[in-house]
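Me: I should like to go through this structure by asking how each term applied to it is justified. Please set the values against the criteria in each reply.

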Amino acid sequence: MEPATARVVIIGAGHAGSNAAAFLRQYGWPGEIILLGEEPVLPYHRPPLSKAWLKGEATAESLALRPAEFYGKQNVALRLGAPVEAIDRGAKSLRLAAGEVLAYDHLILATGARARRIPLPGADLPLVHTLRNAADADRLKAGIGPGRRVVVIGAGWIGLEVAASARALGAAATVLEAQDRVLARVASPALSAFVDAAHRRHGVDLRLRVGIEAIEPDAVRLADGTRIPADLVLLGVGAVAEDTLARAAGLAEPGGGIRVDGSARTADPAIHAIGDCTVRPLPGGAMGRLESVPSATEQARQAAADLCGRPVPAPEVCWFWSDQYELRIQVAGLAQGAALGVFRGDPAAGDRLAVFHLDAAGAVQAVEAVNAAPEFMAGKRLIALGRPVSAARLADPATPLAALATA
């Protein structure tokens, strides 16, 4: 345990940073904790921004990760509207944009990710939006409503969630995707097809394998010359690690992100990094980025445990969720490279989907579930167990899931 005078400074007050401060106190950190947030609002839940917040179903109070008094009670100095300009690793200090120099004994980088931009003519026009924070969501919210024409570029999670919210608010929605299926980078073909059908069923004009020539003041012009009228355009083409500070300090990977180990340590022994800004260990031994709240929370726990001298927490099964229309989509594990996909029940029924992805040894590597919470939970347990299962029994709805998950 560090002495009571040791100071931890956390840059970034999102899910990762706020949880790191909470876990540090929970695990017994005796020293000072300073949590620096670039935004002027309390740390908040980000997933609802593209869903409940856009649709007016959430309030600022419901979005807050913790009540304001939590930080005072836990002796966490929360400083909002305090962007950091530079890190001096040699001096173990950082400089705030306002000019203040702040020393640290340990630094945690929780800087998150920023929306990916594409070099497209017209991408800087006023009708073009991205969605990463509350201010972005408020601007989107003001522009979506009955009769409005929303064009989404990119059929990833954020783009599809915004399209679903737009339809719920009475707007027309067009989704443009360069790949041959939605969610091509993150979902199996089965899940892609299921989500694609849901959007078309709800009236989304979904166009695949399209190229975009330019964004105009009132339309998006495709490579074939087609003009799609637009009052609002969302660029939903993914996110990149917000590693600007780390890069200037010599801690960022050439391809982007901050490389960390299983304890969230960077190459600098005085600096940890957590959340969407990291390149972290993945199942199977690979390194990569995981943009999800559970991953950010897991790494916050790792960093806090490491700083408090506690054992490294056991690795957790990575998972993700999305709400679109009547669909509750839940994914655990990583399906890429799986040897076999096993459907439980009839995927053609249209109201639910459960597909388990098995590795070459027959163990469950990932599960994708839509409106199928029991299958999702069982899949998470099976992934954690890492033992081969019978594909035939897995596919048979008559076989109790509990029997599979405990076998």
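Me: How many bridges join strand β7 to β19, and in which sense do the two run?

Reply: In this predicted model, three bridges join β7 (residues 106–109) to β19, and the strands run parallel. Pairing requires at least two bridges, so the three found here qualify β7 and β19 as paired. One of the contacts in register is that of L107, whose bridge partner in β19 is I271.

Me: What makes the sheet that holds β3, β2, β1, β7 and β19 an open one with edges?

Reply: The order of its five strands is β3-β2-β1-β7-β19, with parallel pairing. β3 (76–79) and β19 (271–273) each have a single partner strand, so one side of each lacks a neighbour in the sheet, and these two are the edges. From one strand to the next, the twist averages 15 degrees.

Me: Which helices pack on this sheet, and at what angles?

Reply: Helix α1 (residues 15–26) touches β1 (7–11), β2 (32–36), β3 and β7, and its direction makes about 170 degrees with that of β2. Helix α8 (residues 293–307) lies across β1, β7 and β19, running at about 160 degrees to β19. Angles are taken between N-to-C directions on a scale from 0 to 180 degrees, so about 170 degrees for α1 and β2 describes directions that are nearly opposed.

Me: Which strands stand at the edges of the sheet with the order β22-β23-β26-β25-β24, and why?

Reply: This is an open sheet of five strands with antiparallel pairing. β22 and β24 (340–343) stand at its edges, because each has a single partner strand and one side of each is left without a neighbour in the sheet. Neighbouring strands are turned by 15 degrees against each other on average, direction ignored. α6 packs on this sheet, touching β22, β23, β24, β25 and β26 (364–370), and its direction makes about 165 degrees with that of β23.

Me: How do you know that β24 and β25 are paired?

Reply: Four bridges are found between β24 and strand β25 (residues 353–358), in the antiparallel sense. The requirement is at least two bridges, so β24 and β25 count as a pair. Within it, G341 stands opposite H357 in β25.

Me: What makes β4, β5 and β6 successive antiparallel partners?

Reply: Strand β4 (residues 84–88) is joined to strand β5 (residues 93–96) by four antiparallel bridges, and β5 is joined to strand β6 (residues 101–103) by three, also antiparallel. V84 has L96 as its bridge partner in β5, while R95 has V101 as its partner in β6. β4 and β5 form a hairpin with four residues between them, where K92 in the turn has a positive phi of about 50 degrees. The hairpin of β5 and β6 has four residues between the strands, and G99 takes a positive phi near 105 degrees.

Me: Why is α5 described as mostly covered?

Reply: Nine of the twelve residues of α5 are buried, among them W157, L160, E161 and V162. The buried residues pack against β10 (149–153), β11 (172–176), α6 (189–201), β16 (232–235), β22 (319–324) and β23 (327–333). The helix spans residues 157–168 and reaches 17 Å from its first C-alpha to its last, close to the 16 Å expected. It is followed by G170, whose phi is positive, near 90 degrees.

Me: Why is W157 called buried and F320 partly exposed?

Reply: Buried means under 20% relative accessible area, and partly exposed means between that value and 50%. W157 has 14%, so it is buried. F320 has 23%, so it is partly exposed.

Me: Why is the aromatic pair of W157 and F320 called tilted?

Reply: Five aromatic pairs are found in the whole structure. The rings of W157 and F320 have their centres 5.0 Å apart, and their planes stand at 40 degrees. The distance lies within 6.5 Å, and the angle is neither under 30 degrees, as for stacked rings, nor over 60, as for edge-to-face ones, so the pair is tilted. The pair links distant parts of the chain, with W157 in helix α5 and F320 in strand β22, 163 residues apart.

Me: How do you know that R66 and R310 each sit over a ring?

Reply: The charged end of R66 is 5.1 Å from the centre of the ring of F70, and R310 lies over the face of Y27 at 4.1 Å from the ring centre. The limit is 6 Å, so both distances satisfy it.

Terms used:
Residues are numbered from 1 along each chain as its sequence is written. This is a predicted model: local features need pLDDT of at least 70, side-chain atom pairs count only at pLDDT 80 or more; totals for chains, interfaces and linings use all residues. Side-chain values use heavy atoms; hydrogens and water are left out. The expected span of a helix is 1.5 Å times one less than its number of residues. Buried means under 20% relative accessible area, exposed over 50%, partly exposed in between (1.4 Å probe, protein chains only). Contact means heavy atoms within 4.5 Å. Rings of Phe, Tyr and Trp (its six-membered ring) pair if their centres lie within 6.5 Å; planes under 30 degrees apart count as stacked, over 60 as edge-to-face and the rest as tilted. A charge sits over a ring if NZ of Lys or CZ of Arg is within 6 Å of the ring centre and within 35 degrees of the ring normal.
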